[in-house]
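Ready for some practice with a protein fold? Grab a pencil and work through the exercises below, one step at a time.

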Amino acid sequence: MGQGIDSHCHVFDIAQFAYAPDAPYRPPPHEAGTAADLTALLDAHGLSHALLVNPTSGYRYDNRCMIAAIRGADGRFKGIARVPPDVDERALDALGEAGIIGIRLDLLADGVEVLRHVAMPQLLAQVRDRAWQIHVQCEGDQLHEGVEVLRSARVPLVIDHCGRPDPANGVAQPGFQALIELGRDGHFVKLSGPFRFSRQPPPHADAEPFVAALIDAFSAKRCVWGSDWPFLRLDRRMDYGPVLGNLERWFADERDRRQVLWETPARLFGFV
C-alpha cells in the first residue's frame with residue numbers, strides 16, 4: 001500500500017447509528033458505505049489514509065458514526081465534525097479527544113446566515129484556540145457573501161468541491177473569485193466533486209476551467225484531493241477509480257500528484 005489520502009469521504013452505518021430525524025436527506029442502503037467498506041476501497045486503490053467529513057445527509061450534527069470509524073481505524077482516519085453554532089465547549093473537547101481536527105460549515109444546508117448566528121464568533125474562537133481548521137461547503141456566490149466572517153476565524157480554511165461554482169457564470173463569478181483570493185492568502189481547496197457542480201456528463205468538461213484556475217491560484221502545495229465517496233444523490237453511477245484518475249489529468253507531473261495526494265494533506269491533517 002502506498003501513501004495517499006482521500007481528503008473528503010463519508011461513512012454511514014445504518015445498523016449501528018440511526019439517521020438523525022431532522023436530517024435533510026436519508027441515504028438509502030445502496031448509497032451508504034461503512035468504515036469497513038471504505039477501508040477495503042482504500043486498500044484496493046493503494047491509499048493509506050482518509051479524512052472523514054461528518055455528512056449533513058443522514059447524520060447532520062450527530063458525529064458518532066464517524067467517531068466510531070476513527071477509533072476503529074488504527075490511525076488511518078481523522079475527522080471533520082458538524083456542530084451547531086452554539087455547541088458546548090465540553091462537546092468540542094470530547095470531539096478533539098476522539099480524533100477530530102476541525103469543523104465543517106455547510107452553507108448549502110444552513111445558508112450563509114449561519115455565519116451571522118449570535119454564537120458564531122465564540123465558535124470560531126474555540127476552533128482557533130484548539131488549532132483546528134474549518135472546512136466549508138458552499139455553492140455559487142455564497143463564499144463571496146461569507147468570506148469575511150470566515151477569514152475572521154484566523155485558522156486554515158479548506159473549501160470543499162472546488163467551491164461548487166455555476167459553470168454558466170465562468171471563473172469571474174464573485175463566489176469563485178472569493179475562492180481564488182483565499183488561495184492567494186494561503187488557504188486550501190479540495191479538488192473534489194466536479195460532478196457536484198458540472199452540468200455535463202463525465203468527464204465533466206465544463207468543470208475543467210475552474211480546476212485549472214484553482215491549481216494556478218493555490219498550487220499543488222495548497223490543493224488536496226477527495227473522492228466524496230460514497231457518492232450520494234447522483235442520477236448516474238459513479239466509480240471510485242475514475243474519480244481518483246482525475247489527478248493524472250490535472251497534474252501531469254508525478255511529484256505534483258504526490259504533493260496533492262500525500263504531502264499537503266499529511267501536513268495539513270497531521271497524518272504520519
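Two strands pair if DSSP finds at least two bridges between them. Helices (H or I, at least four residues) and strands (E, at least two) are DSSP runs, numbered from the N terminus.

A quick note before you start: this is a predicted model, where local features need pLDDT of at least 70, side-chain atom pairs count only at pLDDT 80 or more, and totals for chains, interfaces and linings use all residues. Residues are numbered from 1 along each chain as its sequence is written, and side-chain values use heavy atoms, with hydrogens and water left out.

**Exercise 1.** Work out how β1 is joined to β2.

*Solution.*
- Step 1: Find β1 at residues 5–9 and β2 at residues 49–53.
- Step 2: Look for the bridges; 3 of them join these two strands, which run parallel.
- Step 3: Pick one bridge: D6 has A50 of β2 as its partner.
- Step 4: Follow the chain between the strands. Together with helix α1 (residues 35–44), β1 and β2 make a right-handed β-α-β unit. Right-handed means that, with the strands pointing away from the viewer, the path from the first strand over the helix to the second runs clockwise.

**Exercise 2.** Lay out the whole sheet and find its edges.

*Solution.*
- Step 1: Write down the order: β1-β2-β3-β4-β5-β6-β7-β8, an open sheet of 8 strands with parallel pairing.
- Step 2: Mark β1 and β8 (223–225) as the edge strands, since each pairs on one side only.
- Step 3: Check whether β1 is covered. Buried means under 20% relative accessible area, exposed over 50%, and partly exposed in between (1.4 Å probe, protein chains only). For β1, 5 of the 5 residues are buried, so the strand is largely enclosed by the rest of the structure.

**Exercise 3.** Compare D74 and F231: is each one buried or exposed?

*Solution.*
- Step 1: Locate D74 in the loop between α3 (64–71) and β3 (77–81), and F231 in the loop between β8 and α10.
- Step 2: Read the phi angles. D74 has phi near 55°, while F231 has phi near 60°; each is a positive value in a residue other than glycine.
- Step 3: Apply the cut-offs. D74 has a relative accessible area of 77%, so it's exposed. F231 comes in at 9%, so it counts as buried.

**Exercise 4.** Hunt down cis peptide bonds.

*Solution.*
- Step 1: Go to P202 and P203: the bond from one to the other is cis, with omega near 10°.
- Step 2: Place P203 in the loop between β7 (188–191) and α9 (208–218).
- Step 3: Move on to W229 and P230, also joined by a cis peptide bond, with omega about 10°.
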